[in-house]
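Here is a note for a colleague who is opening this entry and would like a guide to reading it. The points below can be taken in order, with the structure kept in view.

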Amino acid sequence: MNNKDIVVGVNGPVITVRGSSQFQMLEMVLVGEHKLIGEVISIENEDIIVQVYESTTGIKVGEPVIATGEPLSLQLGPGIIGGVFDGIQRPLKKIEEMSGSFIGKGLEMESLNTDKEWDVEIIVKEGDVLQGGDIIANIKETDLVIHKVMVHPYTVGTVTFTACDGKYKVHDTIVKIKTEDDEVKELNLIQKWPVRKARPFNKRRRLDMPLVTGQRVIDTLFPIAKGGTASIPGGFGTGKTMTQHQLAKWSDADIIVYIGCGERGNEITEVLEDFPKLIDPKSGKPLMDRTILIANTSNMPVAAREASIYTGITLAEYYRDMGYHVAIMADSTSRWAEALREISGRLEEMPAEEGFPAYLPSRLSQFYERAGYVDNLNNSEGSVSIIGAVSPQGGDFSEPVTQNTKRFVRCFWGLDRQLAYSRHYPAIHWLNSYSEYTDDLEKWYESNVAEDFFDIRTKIMSLLQEESKLMEIVKLIGADILPEDQKLTLEITKVIRLGFLQQNAFNDIDTYVPLKKQYKMMEIILYLHEKSKKLVSRGIPMSQLRKTGIYDELIKMKYNISNDNLDEFNTLNEKIDNFFEDVKESYKSFERKKL
């Protein structure tokens with residue numbers, strides 16, 4: 001250490017260091033007597049600006065700063081799945097053991113459990129030529145995830161030694177390779193990777209496969225592709241976190257990375273308490289067997305909140321490289337942007353709109369651009385899908401974070417306060433939302449669900465748009481004045497809204513709905529619409545049709561028809577046919593009596 005490298009200024013999480021050492025941009029440093037973790041973010045002549053990822057309370061001018069010579073990096077290896085980490089990948093359980101309920105200062109610890117022995121199956125042999133990303137061993141990390149130990153992406157060499165299959169700790173050498181420079185490298189179960197650097201891959205693939213969520217409004221109206229990006233903006237109480245919990249539980253991703261970025265402590269506590277109790281519906285195993293939690297609450301250091309997003313995406317890319325499909329739930333990017341704003345203010349940078357830094361759009365794009373469906377270096381394929389919640393103040397979608405996020409995501413699930421307050425969940429409004437993946441996914445839906453899936457979806461959307469126009473008229477003159485065909489539109493869209501778009505997360509049947517059932521539900525709603533149109537065209541008033549109760553029966557089909565017995569829709573079809581014939585006959589007898 002050079003004793004001249006000392007703290008000369010403290011401004012919240014931003015430290016000014018002066019000295020003669022050759023610090024590098026984005027280098028990790030240890031600040032003060034407690035050796036707080038920090039990162040160089042600016043070099044101005046002799047002054048080095050460092051953002052500190054821990055509380056700087058008590059730091060004095062004159063305390064030493066130690067350069068590490070390497071960037072802020074993560075430990076990547078077995079033991080990440082099922083873990084709960086803070087924003088810079090320190091395990092919270094270990095922190096609690098060391099410092100109690102509150103995070104102590106300068107806690108030095110490894111991210112992974114160095115004492116645990118893993119059952120390792122070596123799959124390479126002496127003489128094999130290895131490239132970056134090649135898999136050298138398999139480990140059963142959990143009942144749901146096989147951890148594939150990979151060569152560091154920038155390492156190439158020939159295997160000169162392999163250990164036998166057996167139990168090893170993360171730092172034990174299992175393979176030795178000789179590089180082209182005749183350097184012998186020892187490979188263990190972990191690798192380090194800079195948190196702000198995207199991991200390499202061979203090429204991006206076209207996004208033509210959906211991330212199936214089991215949530216009807218998403219899968220049918222506004223689907224997201226595997227490797228795609230989506231935003232869930234909404235004001236307080238509109239259900240952002242609840243929607244992300246549903247997606248984490250039910251989406252067909254192999255691994256979930258949940259980032260609680262700057263959210264309230266009680267929300268993160270709820271996640272930490274609920275997720276370990278949840279059972280993965282597809283496997284029957286605990287959901288934590290395929291989940292990584294990053295908890296960085298609003299009362300934790302601001303700089304660590306800013307880093308937590310990159311920690312999450314780096315962990316996701318690591319498992320993507322093994323051939324897994326990973327979904328990231330970032331809750332919420334608004335709090336992350338606020339951390340950027342606070343640090344920017346401490347640095348006295350020129351503010352842009354609403355005080356956010358001018359580089360907010362570029363930082364958002366850097367994050368969302370790390371999503372994708374790719375061919376990995378080891379010829380496997382994997383994906384990272386990013387679903388970011390946005391918390392605009394007052395639910396104002398015109399504020400900078402929401403507007404800039406819209407530039408970089410292709411799915412926008414706008415939450416509506418009125419829907420949420422009327423207990424309509426998910427509160428995704430069909431007129432404020434959109435998906436740009438529909439054209440790319442059309443062939444997949446045609447091949448795997450039904451050829452006319454998107455035709456039916458288009459008809460459902462057009463009915464909802466027509467309802468919106470009619471509701472403007474209803475507000476002025478009331479529904480009784482409308483002609484019967486328009487009253488029918490309002491009745492059918494009510495069935496669509498309550499029977500299809502509204503979904504009950506606490507009902508065993510309705511919480512997750514497979515695509516085949518979603519298609520059948522839309523199909524039968526449109527079938528009832530066609531039959532009703534014929535009756536209305538004969539002059540039968542809507543008041544007569546409502547009395548039959550058929551519309552209410554369709555609303556209840558989401559509960560009454562099980563997900564694995566779609567033949568029950570045939571019974572419902574027969575009821576609609578009977579309804580049509582009964583109303584037609586009763587109208588004929590009514591006409592005869594009039595004569």
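Does H529 count as buried or exposed?

1. The coordinates belong to a predicted model, and the question about H529 is a convenient place to begin reading them. H529 counts as buried, because its relative accessibility is 8% and the cut-off for that class is under 20%. This histidine has its place in helix α13, and, when residues up to four places away in sequence are not counted, H529 touches L463, L488 and I492.

2. For the overall picture, the chain has 595 residues, of which 54% count as buried, and its secondary structure comes to 17 helices and 26 strands. The C-alpha trace spans about 110 × 55 × 40 Å along its principal axes. If one takes the contacts between residues at least 6 apart in sequence, 69% of them join residues that are at least 24 apart.

3. The surface and the charges can be described together. The chain exposes about 25900 Å², and carbon and sulfur atoms supply 48% of that area. There are 71 positive and 88 negative charges in the chain, and the mean positions of the two sets are 5 Å apart.

4. The interior deserves a careful look. In soluble globular proteins, nonpolar side chains tend to be buried together. Here the largest nonpolar core has 78 residues, and those with the most contacts inside it are W413, Y551 and F579. Helix α13, which runs over residues 515-537, gives the largest share of this core, namely 10 residues. Apart from this core lies another one of 77 residues, with I80, A163, I255 and A371 among them.

5. W413 is worth selecting on its own, since its partners come from several stretches of the sequence. Leaving aside neighbours within four places in sequence, W413 is in contact with residues including I218, F222, I224, I232, P233, L247, I387 and I428. One of these partners, L247, is also among the buried residues of helix α3.

6. Helix α3, residues 240-250, is mostly covered, with nine of its 11 residues buried. The buried set is not restricted to nonpolar side chains, as K240, T241, T243, Q244, H245 and Q246 are listed in it together with L247, A248 and W250. These buried residues pack against α2 (216-221), α4 (265-274) and the strands β19 (229-233), β20 (255-261), β22 and β24 (381-390).

7. Two peptide bonds and two backbone angles should be checked by eye. Most residues other than glycine have a negative phi, and most peptide bonds are trans. The bond from D331 to S332 is cis, with omega near 5°, and S332 has its place in the loop between β22 (325-331) and α6 (333-346). The bond from Y425 to P426 is also cis, with omega near -10°, and P426 is found in the loop between α9 (417-421) and β26 (434-435).

8. As for the backbone angles, L26 is not a glycine, yet it has a positive phi of about 65°; this leucine is found in the loop between β2 (14-18) and β3 (27-31). N45, likewise not a glycine, has a positive phi of about 55° and lies in the loop between β4 (36-44) and β5 (47-52). L26 is partly exposed, with a relative accessible area of 34%, whereas N45 is exposed, with a relative accessible area of 79%.

9. Which class does F102 fall into, buried or exposed? F102 is exposed, because its relative accessible area is 70% and the cut-off for that class is over 50%. This phenylalanine lies in the loop between α1 (92-99) and β9 (118-122). The C-alpha atoms of F102 and L92, which are 10 residues apart along the chain, are separated by 9.9 Å.

10. The last point concerns cysteines. The structure holds zero disulfides. Two cysteines can be set side by side for their surroundings: C164 counts as exposed at 61% relative accessibility, whereas C411 is buried, with a relative accessible area of 0%.

Technical notes
Residues numbered from 1 in each chain as written. Predicted model: local features only at pLDDT ≥ 70, side-chain atom pairs only at ≥ 80, totals over all residues. Heavy atoms only, no water. Core = buried A, V, L, I, M, F, W, Y, C linked by side-chain atoms within 4.5 Å. Buried < 20%, exposed > 50% of the residue type's maximum accessible area, 1.4 Å probe, protein only. Helix = DSSP H or I, 4+ residues; strand = E, 2+ residues; numbered from the N terminus. Contact = heavy atoms within 4.5 Å. Areas by Shrake-Rupley, 256 points an atom, 1.4 Å probe, with all protein chains shown as cover. Lys, Arg positive; Asp, Glu negative; His and termini not counted. Charge placed at Lys NZ, Arg CZ, Asp CG, Glu CD. Disulfide = S-S within 2.5 Å.
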